[in-house]
Amino acid sequence: MSYRQTTALKKIRSLKNRIKVIQGGSSAGKTIAILILLIDRCIKEPGLEVSVVSESIPHLRRGALRDFLKIMKETGRYIGQNYNKTLLRYEFSNGSYMEFFSADVEEKLRGGRRQVLYINECNSIQYESYLQLAIRTSNEIYLDYNPSTKFWVNSEVIGQKDTDFIVLTYRDNEGLPDDVISMLESNRERAKTSSYWENWCKVYLDGETGNIEGTIFSDYEIIDTIPEDARLLGWGIDFGFSHDPAAVIGLYKYNDDIIADEVIYRTGLINSELASLMKQYDVSGEVFADSAEPKSIQELRRFGFQIKAVEKGRDSVNYGIQILQQKHILVTRRSNNLLDELSKYSWKKNRDGGYEKTPVDSNNHAIDGLRYVAMMKLGARKENRGVPQVGFIKR
Ligand SMILES: Nc1ncnc2c1ncn2[C@@H]1O[C@H](COP(=O)(O)OP(=O)(O)OP(=O)(O)O)[C@@H](O)[C@H]1O
Ligand SMILES: [Mg+2]
């Protein structure tokens, strides 16, 4: 691969203020362009000190650090002995250096000083960490991120003096291979029928701030298939018929994460039809359902399912939400309705614009199924009292 002048590179190079906020969609060429500019400056200005920071070392290794080493090697600049693999620091022949460290190490935040700082995917680090780094940076600061939701950059940085702000998208990146462009573009089709994908396209294609504010769940990601070593915990059913759909969700444990897999989401099913669909999808083992429908539970039992009724105690909805919020949820790609609900399910808004600790009672059929099984298989009632948290971003 060879590197070229992309529009992204030109736009970033033209920024003149001390703080350069570079918001953008996926594959806009932000990271590569910033690294190219930083390498260029290190070579031209002897003794320049540059820090590249992100949320963790693994994140650097698969992102900015990997890209940096690749650029150095592919442009014929890399000298093995100049790179200290332990310190993650590359020293140029003129005394300039670029060091890579993570924002989760306190001494690093308060320790060194530098002329230039680049925080990659800065929405994953705390504002306080940013401040510590920024006050020890004498010249420029580069910040890049995908705008999945508003965060401290919006409230504290953009619009302040000495600050540039640009938005880039994949259209600013002429270096992007065609197959990646078609892969990205194919999601526009999905956005026509799914608000999850609509929001996804807004953030990752168009580089605009997503609207997941107030949503209850934000710590989830899509996976293609259920890995073989995932362990089935059970199934959750939310009954429905004419207006609301019946939803059946499988819950799996996978390392520290959970996997949710929607198998049924349909209106108009009588219980015998629901049972035969459940057999078709190999629903077996423990199945948890809403205790408010004893008749349906009894009927499904006659079809041979091991259905357990989930008691709806006081504040059980918030309790179930809390259990799920403590987990990183992997959602199978085929779970269209569950994904749609996850992107919409929100806390009630009160008159002054804040959020109440009560969810809006809609977009919760697949989520209720998921909640029933999560409460029964992951819950530890005694330890989990307290108020629910408003959805937060964790990566
Ligand atoms: N200057 C360039 N010359 C050639 N190819 C480039 C250049 N910049 C980016 N690319 C190509 O585009 C891909 C995406 O670029 P990059 O990783 O910089 O995007 P990004 O905006 O940081 O995306 P993300 O938000 O996903 O981190 C690179 O992996 C590379 O293949
Ligand atoms: Mg990037």
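**Exercise 1.** At what angle do helix 10 and helix 11 pack, and how far apart are their axes? Classify the arrangement in this predicted model.

*Solution.* Step 1: locate the elements; helix 10 comprises residues 271-280, and helix 11 comprises residues 294-302. Step 2: take the geometry; the angle is about 50°, and the axes are 10 Å apart. Step 3: classify; angles under 35 degrees count as roughly parallel and those from 65 to 115 as roughly perpendicular, so helix 10 and helix 11 are oblique to each other. Step 4: assign the hand; the crossing of helix 10 and helix 11 is right-handed.

**Exercise 2.** Describe the surroundings of ligand 1 and its contacts with backbone atoms.

*Solution.* Step 1: identify the shell; 19 residues surround ligand 1, and Ser27, Lys30, Thr31, Asn146 and Asn173 come nearest. Step 2: sort the shell by character; it holds six nonpolar, ten polar and three charged residues. Step 3: examine the backbone contacts. A nitrogen atom of ligand 1 lies 2.9 Å from a backbone N or O atom of arginine 4. Polar backbone atoms also approach oxygen of the ligand: that of serine 27 at 2.9 Å, and that of glycine 29 at 3.0 Å. Step 4: assess the cover; on its own, ligand 1 has 630 Å² of accessible area, of which the protein covers 82%.

Technical notes. Residues are numbered from 1 along each chain as its sequence is written. Chains are lettered from A and ligands numbered from 1 in the order in which they are written. This is a predicted model: local features need pLDDT of at least 70, side-chain atom pairs count only at pLDDT 80 or more; totals for chains, interfaces and linings use all residues. Side-chain values use heavy atoms; hydrogens and water are left out. A residue is near a molecule or strand if one of its heavy atoms lies within 4 Å of it. A polar contact is a pair of N or O atoms within 3.5 Å; within protein, one must be able to donate a hydrogen and the other to accept it, and residues adjacent in sequence count only if both atoms are side-chain atoms. Accessible areas come from the Shrake-Rupley method with a 1.4 Å probe; for residues, only the protein chains shown count as cover. Ala, Val, Leu, Ile, Met, Phe, Trp, Tyr, Cys and Pro count as nonpolar, Asp, Glu, Lys and Arg as charged, and the others, Gly among them, as polar. Axes are lines fitted to C-alpha atoms, for helices over the stretch in contact, and angles run from 0 to 180 degrees between N-to-C directions. Helices (H or I, at least four residues) and strands (E, at least two) are DSSP runs, numbered from the N terminus. Angles under 35 degrees count as roughly parallel, over 145 as roughly antiparallel, 65 to 115 as roughly perpendicular and the rest as oblique. A crossing is left-handed if the near helix is turned anticlockwise from the far one by less than a right angle, and right-handed if clockwise.
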